Amino acid sequence: MNKRLFALLCALLVLAGCAPSGPPPNANCLDAKGDVVLGCVLKKTVFGAVVDNAGNITISHTTGDMDLNGHPVHSGADPTLPQDLATKNYIDSRGIAVQAAAVADLPASTYSNGSSGVNSTLTENSNGVLPPIDGVTLGSGDCFLIQQRTNRFENGVYCATNLGGAGSTFVVTRHPNLDQAAEFPGARVRVKLGNRRAGGEYSYLGPSVTVGTSPVFLLRTDAKAGPDEVIVHVDDLTENAAVANAPGSAGWARFTSGTGVTVAAQSTNSASAVGEILCASGTSTATGMCGIANAWTASNTAADGGESIVYSTSNVGFSLTTRITAPVLSNGTNTFAINAGLMKQRAPSQKIFADGCGFIYDTTSAVNTTDWLAGCTTGGVGTPVDTTISLVAATYNELQVVTYPGSSSVAFYVDKALKATVTTNLPNSTLLGMAVGVFKNTGTAATNMMKADYTSLRVDFPAGRF
């Protein structure tokens, strides 16, 4: 602020009775440019604003606006309290803001990858106007998220370069902050408007990408996600009645199959687990399995119902999480195997799933006899990968199986750390049910084989379901 203007303002305030009279502020309160220096000893009230000796400014004026006349406010801190003003750094950290998110693919258009993704475009194949995105008519430069492209690598955030018309084609260009490989990990997108996607927040949590080659899908992560995009099912495993021989098709259920095994709810609430199920064997010869599952039939086969999914490398993405432990470890006298994942079928004669993806603990495995193994099978074919994480008796592990729409790999996490990525023998167009279970094939000693604390299933639909 100019010194003369500052002095004139003070004089006017004094004449108006809005500020106490007195000499103008000490010159030390102004820098060489005439701007006020915070921390100077100035205790005059101007429009309810007081600068104390520590440089703090308190504004108590309750009417009227503050006009900065186009000038910025510099060097602010990121907000920490609900009513703090937001800095540009904070806004940028919240991700890319777009006008809308598509609920359907664009009219026929051709992708060009630009320079390794930079300035990559989608250009309409024939003349026409860029259609509204989720009911929002975009202007030049407006950006939107699209995830419905047939070629999944074309998905992403685009901005309108040419809106098109009767004599021209529309052209949209990848957002400059999300057109290179290094920008995808952890990327976040916020949707401002739209009939169905307004307020949505999306995050890229998938593997590293090569722009123009790797499939792209951002998961919707806000609490308002609708069932056309995301289905989430969580169960703490204490509410379902035991079902003899098979899980039902609606919701998770405890099950037993074969002989000599039992499953029961545990009502214990502790710091480590709130509600559990326990799979155990009695003193008779045990050659059966027990556990919890969803969307299976009486023949122990995945059924079209409940939270079953048709898994395909282009159809859906899913994330199955469970927290389980073995009270005691399997050994040569009392031998059992644990599976946790999505699978087509389990029978008392099977130690691992015939089709599916999941975790395996098997003390007779040729891969490793003490660690959690991770793998996928098709028609019973598939070799698991060693996660290098050993199962410790009575110590819970959180196991997570994750894949993204369009991905050709399945990721396996143990206690939130990525431990294996599997790219072979992925089931394709196969109906899968979710199951966490234990199979015992040797021993007559009563054994508490597995405890499960909770399960959580998330299914993501790339194009929306309706």
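**Close-up views of strands, cores and one buried arginine**

**View 1. Arg 190 stands opposite Glu 201 in strand S11.** The model is predicted, with local features shown at pLDDT of at least 70 and side-chain atom pairs only at pLDDT 80 or more, while totals for chains, interfaces and linings use all residues. Residues are numbered from 1 along each chain as its sequence is written, and side-chain values use heavy atoms, without hydrogens and water. Strands are DSSP runs (E, at least two residues) numbered from the N terminus, and two of them pair if DSSP finds at least two bridges between them. The pair shown here is strand S10 (residues 188-191) with S11 (residues 201-203), antiparallel over three bridges.

**View 2. Four strands make up an open sheet of mixed pairing.** Their order is S3-S10-S11-S12. Strand S3 (96-98) and strand S12 (219-220) are the edge strands, each pairing on one side only. Between S3 and S10 (residues 188-191) the sense is parallel, again with three bridges. In this pairing Ile 96 faces Val 189 of S10, and Val 98 faces Val 191 of S10.

**View 3. The side chains of S10 alternate between two faces.** Val 189 and Val 191 point to one face and are buried (under 20% relative accessible area, with over 50% for exposed and partly exposed in between; 1.4 Å probe, protein chains only). Arg 188 and Arg 190 point to the other face and are not buried. In a regular strand such alternation between the two sheet faces is the general pattern.

**View 4. Arg 220, in strand S12, has two side-chain polar contacts.** Arg 220 counts as buried because its relative accessibility is 4%. Its side chain is joined to that of Asp 222 by a polar contact of 2.7 Å. A polar contact of 2.7 Å also links the side chains of Arg 220 and Glu 229. The term covers N or O atom pairs within 3.5 Å; within protein, one atom must be able to donate a hydrogen and the other to accept it, and residues adjacent in sequence count only if both atoms are side-chain atoms.

**View 5. Strand S26 (residues 410-414) is mostly covered, with five of its five residues buried.** Val 410, Phe 412 and Val 414 point one way from S26, and Ala 411 and Tyr 413 point the other way. Strand S25 (residues 397-403) pairs with S26 in the antiparallel sense over four bridges, and Gln 400 stands opposite Tyr 413. Strand S27 (residues 417-422) also runs antiparallel to S26, joined by five bridges. There the bridge partner of Val 410 is Val 422.

**View 6. S26 takes part in two hairpins, one with S25 and one with S27.** The hairpin of S25 and S26 has six residues between the strands, and Gly 406 takes a positive phi near 85°. In the hairpin of S26 and S27 there are two residues between the strands. Asp 415, in that turn, has a positive phi of about 50°.

**View 7. The largest nonpolar core contains 39 residues.** Such a core is a set of buried Ala, Val, Leu, Ile, Met, Phe, Trp, Tyr and Cys residues joined through side-chain atoms within 4.5 Å. Ile 324, Ile 338, Phe 359, Trp 372, Phe 412, Val 438 and Met 450 touch the most other members. Strand S29 (residues 447-460) contributes the most to this core, with five residues. A second, separate core has 33 residues, including Phe 144, Leu 145, Leu 178 and Val 209.
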